[in-house]
Amino acid sequence: MGNSPTKRQSSGQPSAPGPPPSAIRKGVLSVLTGRPPLVCTFYYESQVFTHQIQLPLLYDRPQSGTQGTALVDLEVELRKKLQLPEGSSVFAVVQADELYSPPYPLVMINIVAARLFTNPDETRIPVLHYALVVRHMGLLKQPLPMGNAYESPFFAVNAAALAETTNSIARNLARRRFVQNLQTFGFARLEVTPEQAKIPQLAFERVRKWLVEQLELPKEKRWIDYVDVSKPGEKESVEDNSLYSSHPVVSRGRRVGFSLDRNREYMQLRLPIAASGTPWPPVYFQDSEENKEFANELLTLLELLDDISRDCMKSVCEILNIDERWLFDELLDDRTRPTEGFTGPRNTSYQYGASVLRIYNYRNKAANGQSPADVDPNDYSCGVHADLGLVTVSPVATVPGLQMWNLERMNWADVEENATALHFSVFAGETLGLLTHGVISAPLHRVPPICVEIEAEIRMSMPYFLRAKPSACLNPKAPKVELITCRDFMEDIVFKKRPWRREKTVGAGPFFLQLRGFAKFVTPHKISENLITPADAVQETTNLLNLCPATVMVIAGARWNACPTHYYRIKNGVRCHFTVPQYNAHGNYVMMNHTVMPHDTSSSSCADHSFPLEGNFYHGSIGYYSIYAAASGTFCSLDNTTYLRVSAVGTYDTNGSNLAYDRGEHGYRNSYWYILTGTAFILVRCVTLRRSFVSCKIFARRCDCIVESIRIQEAVVYVQESMRLSAHGARNFHRLLLLFLLIDQGVMSDFFLLSTQEGLLGRIQSISLGYNLSGVMSMLFEMVETMNWMSEKMRCQAKRLLFNYETVLIGELITAGVLQHYLTSLSRSHLRDTEPAAEMISHYVMGLVGHIVLALGCLGIIVATRAIGAIVFVKLQFGTLRVLTNTCSVDAALGARSKLILLSGYIWENEELYYKPSVLKALGVLKAVDPDGYECFVHTQLHWIAIPQDNLVVLGTVANKRVEPCPERLCSGVVSLFDHALGGSAGNVLGDEVARRTQTQDCYGVFRRFRERVCCSSEVTPGPTPAKIKVRAVNDEQVSRQVLPAWEAINQHLLKLPGAPQLQPVESRNHLTVSYHASLVSKSCNHPH
């Protein structure tokens, strides 16, 4: 019928599952071309071999003059150096620090290296660590048993026997055979009843029709619903990177409904959570009885596949001795069916379960008249990958195509070639690999390009992915600092480290708002002719309130008190001068004597009592300049109020008494003071952004080298820490200058713009105001910190209350939201009666007083919001407020280097505070290991302008998770990330000078030995942490060929270390899989870790 997929090409050289499509393969090769050799360390049993590999890895020997290494040459070299058994060879590799992960062929190292080398500024070769999967080469000559052969992976296990609830011989045999196939192949085949097989076959036809209808609809009318409705803006991300676009979709926003990618369109379905009141059928299908029936059929299909998946997990739990109650109660979603007329509170953040059914409709690769022979055989319909979850259950597809990589034969096996409608395929997922410590590992599989002659017979499949709840802990019996949730496992490990997956990673906003304000104020302005006072005009005060009746101004919703001081008689009437004494604001206005339509903010009673008014005013700053505003509106004679709209702004070099008696002039005005100081502030912001960008880039490169992922929260924290205005080591003189620029150029400009602009622009400007207010508070506290006026306990308490990520910017946004009301209340207070005092003392001084009162009110709101928020958060998170008062050795070591504190990053344990390893990474904390075993606490040094590559400084030493601060010095050692928590009480480190000197002497001795024995300029230690593999630094030019101690010897050495954890004896996976050299699994998985 012409509907078979493109067949695998048979040749003497078996194909491997790595090559992406041709264009993408060229992209990988272009990334690797011209790169220095890649350094890899390979492990087999007690042998270790470090080797330089000239990339790319090729099936054939490279031609003369071209770079590359033949795979056969690499295998021969590994066989020789690691003394592999006679007749054996390397079949695959596994990441040495994640031995539960899927093994993959050597050729896929190309993709791993391409990912690490994507950054064009990469200057140091990362070191990769791999355990070898070794098999006897005789297996290559043996065909894979097919059909009903008992040793075949395609031997069908009876699904009904697997699901029996009573203990029986048939159930035991079925479950043992099922788990045995998963252990050996990562795959098993089930045989279901004809009634069960009929359900997915009918669903294929109805869903195909539904998908066609959805494609014809505009996007906004397609069915899309989210698991978390409280975040509807999340979108599903389709990978479109030139290197990885053939790989499976990675969904960032969990949802149901219609989706599509480059190779297929599909329907996503999840079981509704009854406890959340999720209705079924969904609202989208409730418009007709036919659609309701269709939705109920889909629910029946979902429940069938979920039941089979759960039966599979019951088999795994029974055979491998995993706690079944824990797995079903803690990891999996509740299966209760939704009821009609739900009356309880709806949980909109968890409408549907974690498990997902995807019904794919594959696109024809031979469409548009293209011949199947012209289709790129490597342009897969679904790229090489391993599944994420526990198990995947997939009914047989409409067109065969699914292929599984068989490790023993090193070839692709056609999973569905001889399958019938009664056969369901089951694949193990990576989460199951983690739970079983690698006893069962996820297999690699793919779908080659699908080519059919009749579009109506295109391939459809419906894999059901049984997944754990994102918040579920996968290792509850592990130490607290090593606990990992399903979400963390998928985002931080699977998405980041697998060569077949690639997740795209995602605050210059306040800076652009600052630029916007600067551009407005630096533009020269011109005063209206009506508002310029002639030189010969005489200042008068007679009958002042009758001629200048306006005593209140309403601008952008805020009321300003206007105190008339004098007037001038001019050609067209009277030019009135007024002042707002508490803000050092002076202005003029001219009012006409005929009525007009009132301003749109006027009250309705002013309809026949509004007179046109034109005015301007200058608002004095703390520097030698004033901010100008031109306004127009109407005056209401009923309440002596002017309703104005600001039409133009600018700046002018005047202040104090000159400002009070300014008459205006012809021509354009501008402020050279504002241009000078504003440019300086913009340059400071630019330097800060550049420093932050480069610092983040360097840190990300370090994390890439050690194959360490960075989550979005960690990235936000690191960016904010690097966005500090002051450099590390700055003096208070520098901070005073920055504080002046923040207030003079930042806060003053934002206050003015926010209080004179209406609508959306004014609200957006509040972001810049909040950011600058936060900067003022941080700068003031940083100055106090460096003066050592507070004890460590008081410093930590103040910092946790007022400077934490959980409440940052909340108070600032509240302040911006109520600023108009606050200005109105101040205008009605006794401050409006300060004009006599201003005349007597100074308008400038009274302006400072008024601005201080205004700032103190805003800061009061910010401080109260942050303090209350911190107290509530800590109480809910930890159950005790002692978290706010206890000292922490990490906080003491960082001191003023830490801009904000992440309260959720603490661990409260044994009445002491510790930082999670992930938070240490987010703060930019690194570890340097002395050859004698000392751990040193290292941090990134932020300079004013220069950004050296060697920007690491040592701040202390680590002993028993506690950091001992010591004088700063440049780090000259190999660095990596901490894999354990740090903290503990800081004692009286900062307050006891004797203790400080003692620690300084101890640290000096440690660092002297460090300096004498290590000389590697901030090099990164890639791969597993030293607690797992003890490695030496590898230079680009020289490769260490030292054979490291046997794994057994390392384990014994670790057991003898004081305070070392009690390690369990380990064995290899099993005799059929691979002789791994390191810990993989205990004999029985009798706990869920």
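Here are a few worked exercises on the structure above.

The model is predicted, so local features need pLDDT of at least 70, side-chain atom pairs count only at pLDDT 80 or more, and totals for chains, interfaces and linings use all residues. Residues are numbered from 1 along each chain as its sequence is written, and side-chain values use heavy atoms, with hydrogens and water left out.

**Exercise 1.** Find the strands at the edges of the nine-strand sheet.

*Solution.* Start with the definitions: helices (H or I, at least four residues) and strands (E, at least two) are DSSP runs numbered from the N terminus, and two strands pair if DSSP finds at least two bridges between them. Next, read off the order of this open, mixed sheet: 22-25-26-27-28-29-30-23-24. Strand 22 (539-540) and strand 24 (558-561) are the edges; each has a single partner strand, so one side of each lacks a neighbour in the sheet. Now zoom in on one edge: strand 22 pairs with strand 25 (residues 563-570) through two bridges, in the antiparallel sense. Gln539 has Tyr568 of strand 25 as its bridge partner.

**Exercise 2.** Work out which strands pair with strand 8, and in what sense.

*Solution.* Take strand 7 (residues 156-158) to begin with: three bridges link it to strand 8 in the parallel sense. Here Asn158 sits opposite Glu191. Then go to strand 17 (residues 423-428), which runs antiparallel to strand 8 and is joined to it by five bridges. Arg189 faces Ser425 in that pairing. Last, check the cover: four of the five residues of strand 8 (residues 187-191) are buried (under 20% relative accessible area, 1.4 Å probe, protein chains only).

**Exercise 3.** Compare burial in helix 3 and helix 15.

*Solution.* Helix 3 (residues 109-116) has eight of its eight residues buried, so it is largely enclosed by the rest of the structure. In helix 15 (residues 712-722), the buried residues are Glu714, Val717, Tyr718, Glu721 and Ser722. They span an arc (taken from the directions from the helix axis to the C-beta atoms) of only 125°, which puts them on the same side of helix 15.

**Exercise 4.** Describe how helix 19 meets helix 21.

*Solution.* Fit the axes first (lines through C-alpha atoms over the stretch in contact, with angles from 0 to 180 degrees between N-to-C directions). Those of helix 19 (residues 810-827) and helix 21 (residues 843-878) come within 9 Å and cross at roughly 145°. Then list contacts (heavy atoms within 4.5 Å): the helix 19 side includes Ile810 and Leu826, and the helix 21 side includes Val853 and Arg866.

Notes
Buried means under 20% relative accessible area, exposed over 50%, partly exposed in between (1.4 Å probe, protein chains only).
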